[in-house]
Amino acid sequence: MGQENKTQTWVREFILLGLSSDWKMQVFLFVLVLTMYLVTLVGNILILLLIRLDSRLHNPMYFFLSVLSFVDLCYSNSFAPQMLAHLLSARKSIPFYSCVLQLYISLALGGSEFFLLGAMAYDRYIAVCHPLHYTVIMHGQLCLVLASGCLVVGFANSLMETIITFRLPLCHSVINHFACETLAVLRLACVDVSFNKVMVAISGFLVIMLPCFLVLFSYVRIVAAILNIRSAQGRSKAFGTCASHLTVVCMCFGATIFTYLGPRSASSEEEEKMVALFYALVAPMLNPLIYSLRNKEVMAALQKVLEKF
């Protein structure tokens with residue numbers, strides 16, 4: 001117990017190894033990350049403004065999209081500014097409590113996003129399979145409850161995982177990652193982390209697989225309903241309402257399942273960093289592009305706003 005207290009007192013800050021130690025590569029990564037970060041900010045803020053300004057987008061589908069864009073904005077801001085600063089710094093340090101906060105916020109927003117994707121799949125299921133009752137079922141209060149519930153579950157799960165992670169006695173302060181991430185922090189522990197790994201697996205099942213099952217159930221019903229539509233135009237229109245969401249679902253769930261539920265290997269730490277980078281920057285950058293370029297209503301709203309200026 002004395003050693004544990006001594007170790008915990010000693011760790012005042014962590015050193016992040018980042019993505020590369022080569023200076024030229026760090027400069028290249030700085031330009032790349034900055035570009036992706038700016039595109040993420042512009043894209044998601046634009047989505048929020050379009051949904052706010054255009055009355056044609058005031059429906060449940062775009063309400064959930066606006067929440068998703070807000071979560072993506074916050075998620076990117078929990079990583080990108082620190083990454084940019086560290087890429088141009090010789091010493092990549094982060095205070096202990098800042099590391100705790102970063103882990104908590106990133107886990108909370110990441111978990112909330114998965115449940116939001118599940119809620120959006122349910123919304124598409126109601127829209128395609130019960131179109132005549134869509135506005136009655138997906139009323140404003142239900143949408144607000146679903147979105148709030150996604151955030152509450154995400155933050156509650158993150159609180160549990162963050163507490164059990166940072167209660168461990170730590171023998172090292174060097175994190176082989178570009179940010180404070182659960183698996184990377186667990187590798188610093190002085191004691192057996194089997195319990196933590198079990199809890200991470202349970203957390204991963206709840207946060208990843210439960211929304212995934214809801215998405216699969218919704219799209220099985222959606223595909224069955226689309227196949228029953230006689231006209232090719234009707235099938236195309238019905239599938240078009242789900243294409244953007246399905247693309248984002250495959251991208252987000254696929255990357256995270258690979259990171260947390262995939263097989264471990266000797267190079268798993270580097271693979272985890274690449275997948276985490278994809279999820280922290282690439283996915284939030286691509287989400288507004290996917291929803292705008294593949295969505296006629298969003299493009300029409302954008303054109304209307306541009307014409308005003």
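**Notes on the sheet, the cores and a surface patch**

1. A good place to begin is the pairing of strand 1 with strand 2, which is antiparallel and runs over three bridges. One contact to look for in strand 2 is Ser93, the bridge partner of Ile15. Please keep in mind while reading that this is a predicted model.

2. On to the rest of the sheet. Strand 1 (residues 13-16) also pairs with strand 3, here in the parallel sense and over two bridges. Ile175 in strand 3 is the bridge partner of Leu16. Taken together, the three strands make an open sheet with the order 2-1-3 and mixed pairing. Its edges are strand 2 (93-95) and strand 3 (174-175), each of which pairs on one side only.

3. The side chains of strand 1 are worth a look, since they alternate along the strand. Phe14 and Leu16 point to one face and are buried, whereas Glu13 and Ile15 point to the other face and are not.

4. Now the interior. The largest nonpolar core has 70 residues, and the members that touch the most others are Phe64, Met83, Leu117, Phe178, Cys252 and Phe253. Helix 5 (residues 96-129) gives the most to this core, with 12 residues. Apart from this core lies another of 16 residues, among them Phe14, Val100, Leu170 and Cys180.

5. You may like to centre your view on Leu117. Leaving aside neighbours within four places in sequence, Leu117 is in contact with Leu68, Val215, His245, Val248, Val249, Cys252 and Phe253. Two of these contacts, Cys252 and Phe253, are also listed among the core members that touch the most others.

6. Gln102 deserves a point of its own. This residue sits in helix 5. Gln102 counts as buried because its relative accessible area is 7%, under the 20% cut-off. Not counting residues up to four places away in sequence, Gln102 touches Ser78, Phe79, Gln82, Ile94, Ala179 and Cys180. Of these, Cys180 is a member of the 16-residue core.

7. Finally, the surface. Val198, Ile202, Phe205, Leu206, Leu210, Phe213 and Leu216 form a nonpolar patch there, and together they have about 620 Å² of accessible area. Leu216 lies in helix 9 (residues 194-227). Is Leu216 exposed or only partly exposed? Its relative accessible area is 49%, so Leu216 is partly exposed; exposed would require over 50%.

Note on methods
Residues are numbered from 1 along each chain as its sequence is written. This is a predicted model: local features need pLDDT of at least 70, side-chain atom pairs count only at pLDDT 80 or more; totals for chains, interfaces and linings use all residues. Side-chain values use heavy atoms; hydrogens and water are left out. Patches are made of residues with over 30% relative accessible area and no salt bridge: like charges are joined within 9 Å, nonpolar side chains (Val, Leu, Ile, Met, Phe, Trp, Tyr) within 5 Å. Accessible areas come from the Shrake-Rupley method with a 1.4 Å probe; for residues, only the protein chains shown count as cover. A salt bridge is a side-chain nitrogen of Lys or Arg within 4 Å of a carboxyl oxygen of Asp or Glu. Helices (H or I, at least four residues) and strands (E, at least two) are DSSP runs, numbered from the N terminus. Buried means under 20% relative accessible area, exposed over 50%, partly exposed in between (1.4 Å probe, protein chains only). A nonpolar core is a set of buried Ala, Val, Leu, Ile, Met, Phe, Trp, Tyr and Cys residues joined through side-chain atoms within 4.5 Å. Contact means heavy atoms within 4.5 Å. Two strands pair if DSSP finds at least two bridges between them.
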